[in-house]
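These are my notebook entries on a single structure. I set out to look up a few residues, the aromatic rings and one helix.

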Amino acid sequence: MTPFARPAGPRSLAARQAAADAGTAVLRGVLAEDGARLLLLVPDPHARFAAVELAAPFAATVLDDGYGVCSYVFAWTPDREPLPASGVLGGYLEGFGDLRMRPDAATAIPLGDRTWAVVCDAEWPTGQLAELAPREVLRGQLAALEGLGLVPSVGIEHEVVFTGADGEPLTAHGTDYALGGTERLAPLLSDVRSALDEAGLGVESARAECHPGQYEVVLRHRDALSACDDVLLQQLIVRRAAARHGVSASYLAAPAPGQGNSGHVHLSLSTVDGSPPDLLGGFLAGVLRDARALTAVWAPTWNSYVRLRTAPFSPREIRWGHDDRTAAVRVAGPPSDPRLEFRFAGADAQPHLVVAALLAAGRFGLEEGLAPPEPGAPAGTLAASPWEALSLLGRVGELLGTDVEAQLTALLTEEIESGLDTVTDWQRRRGTLRS
């Protein structure tokens, strides 16, 4: 197994660091060769990467020294415009100075053409990690959970819709689990498979999905930090493969009314001493209790709330059930080794924040000794609109910290105001009907 392999199952933060240390030495040798290139990637709040590409021989030195990235990448809009500089966000926007990217060599993947990509942490010049970086938010929750003797294993499902140059999906209808009807996708999917295999991301399954042009690729379950990094690396690879075929790959939460691209999270827990964890008790109860307050994490965009209307498979009602895909939380797997599938988030949600929120809510439930309701019993609903989600963010401060609360408040406020500043085709059509 190479230092860059993604072993299935849980892995502690210490074990991940050991893999990063081993990978650094290997990656340094690769990058010392003429013509090698290094792509530094930092996950931002919008489920995408901020990126800087470096050429050999300088790239190898960055593994020790890091490299600069403008601090506003954690305080910008989807249009890469700065958010209002208030509170904690002001420190990221004042002067637009540099944070330092620190490569995590355990994340490294080859992208072809002698280029390696590596996901980075971000720190201030003082060496303090950037508190608004999604990776740092997740790492903090992982450390808190390890304090209880628990380590999670995570698998993330992301659905994608492929559209041609005309904007139309590459299949005219849903092809759920189908072979027939997917022929137009075949050349692209062959390229996607090859690229993911060459990157070593460890694909578990792939299949056609239920909406036009929709497909799903699922990576094997792994440690939480790797799962979140790798699902964004998967998106990067899929989009690049699609572009080579003149196709667009969309992870929009609602590609069309009545349709949804999900970001379901499968999660199980392991204990250090081998005793069975309380996955279906306090952990589940904590998530159910706080799911509504965390709606802004599951649904960060205006479009996210269109997806939440696509029942029954994007359920807004908060309830759990055994092997029930119409429940917001589905218990899957054998009774001796169950896992929870959290179906709240869309494919547009920031995966590090989604998993951090699940871990925080579940940990609070464990610490408080909560008990879940009976299977199938409603336990509330997710927020129905971005305004409603915005009003609930105070609880996010208790779960993920006041800095993250301030960041999400600014992001969702900007999303709402940007939407209100926009004239849509729907508004034009409705206006025409009134004339």
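**Entry 1: a proline in a helix.** I looked up Pro 187 and found that this residue lies in helix α5, which covers residues 186-199. I note at the outset that the model is predicted. Is Pro 187 buried, partly exposed or exposed? Its relative accessibility is 48%, so Pro 187 counts as partly exposed, given that the exposed class begins over 50%. I then checked a residue far along the chain: Pro 187 and His 245 are 58 residues apart in sequence, and their C-alpha atoms are separated by 8.4 Å.

**Entry 2: aromatic pairs.** I searched the whole structure for aromatic pairs, and the search returned 9. One of them joins Trp 302 and Trp 387 in an edge-to-face arrangement, with 5.4 Å from centre to centre and 75 degrees between the planes. What does this pair tie together? Trp 302 lies in the loop between α8 (295-298) and α9 (304-307), whereas Trp 387 belongs to helix α11 (residues 386-390), so the pair links parts that are 85 residues apart in sequence. I recorded both residues as partly exposed: Trp 302 has a relative accessible area of 33%, and Trp 387 has one of 45%.

I next looked up Phe 342 and Phe 344, which form a stacked pair with centres 6.3 Å apart and planes at 25 degrees. Phe 342 is buried at 2% relative accessibility, and Phe 344 is also buried, with a relative accessible area of 2%.

**Entry 3: a cluster and two arginines.** I found that Tyr 72, Trp 76 and Phe 96 form one aromatic cluster. Trp 76 also has a charged neighbour, as Arg 80 lies over the face of its ring at 5.2 Å from the ring centre. Elsewhere, I noted Arg 207 over the face of Tyr 177, at 3.8 Å from the ring centre.

**Entry 4: helix α13.** How far apart are the end C-alpha atoms of α13? Helix α13 has 19 residues (402-420), so at 1.5 Å a residue I expected a span of 27 Å; the end C-alpha atoms are 27 Å apart, which agrees. I then listed its buried residues, among them Val 404, Gln 407, Leu 408, Leu 411, Leu 412, Glu 415 and Ile 416. I recalled that an α-helix has 3.6 residues a turn, so residues three or four places apart point the same way. Finally, I looked up what the buried residues of α13 pack against: the partners are α4 (134-146), α8, α10 (351-367), α11 and α12 (394-400).

How values were computed: Residues numbered from 1 in each chain as written. Predicted model: local features only at pLDDT ≥ 70, side-chain atom pairs only at ≥ 80, totals over all residues. Heavy atoms only, no water. Phe/Tyr/Trp six-rings, centres within 6.5 Å; stacked < 30°, edge-to-face > 60°. Helix = DSSP H or I, 4+ residues; strand = E, 2+ residues; numbered from the N terminus. Buried < 20%, exposed > 50% of the residue type's maximum accessible area, 1.4 Å probe, protein only. Lys NZ or Arg CZ within 6 Å of the ring centre and 35° of its normal. Expected span 1.5 Å × (residues − 1). Contact = heavy atoms within 4.5 Å.
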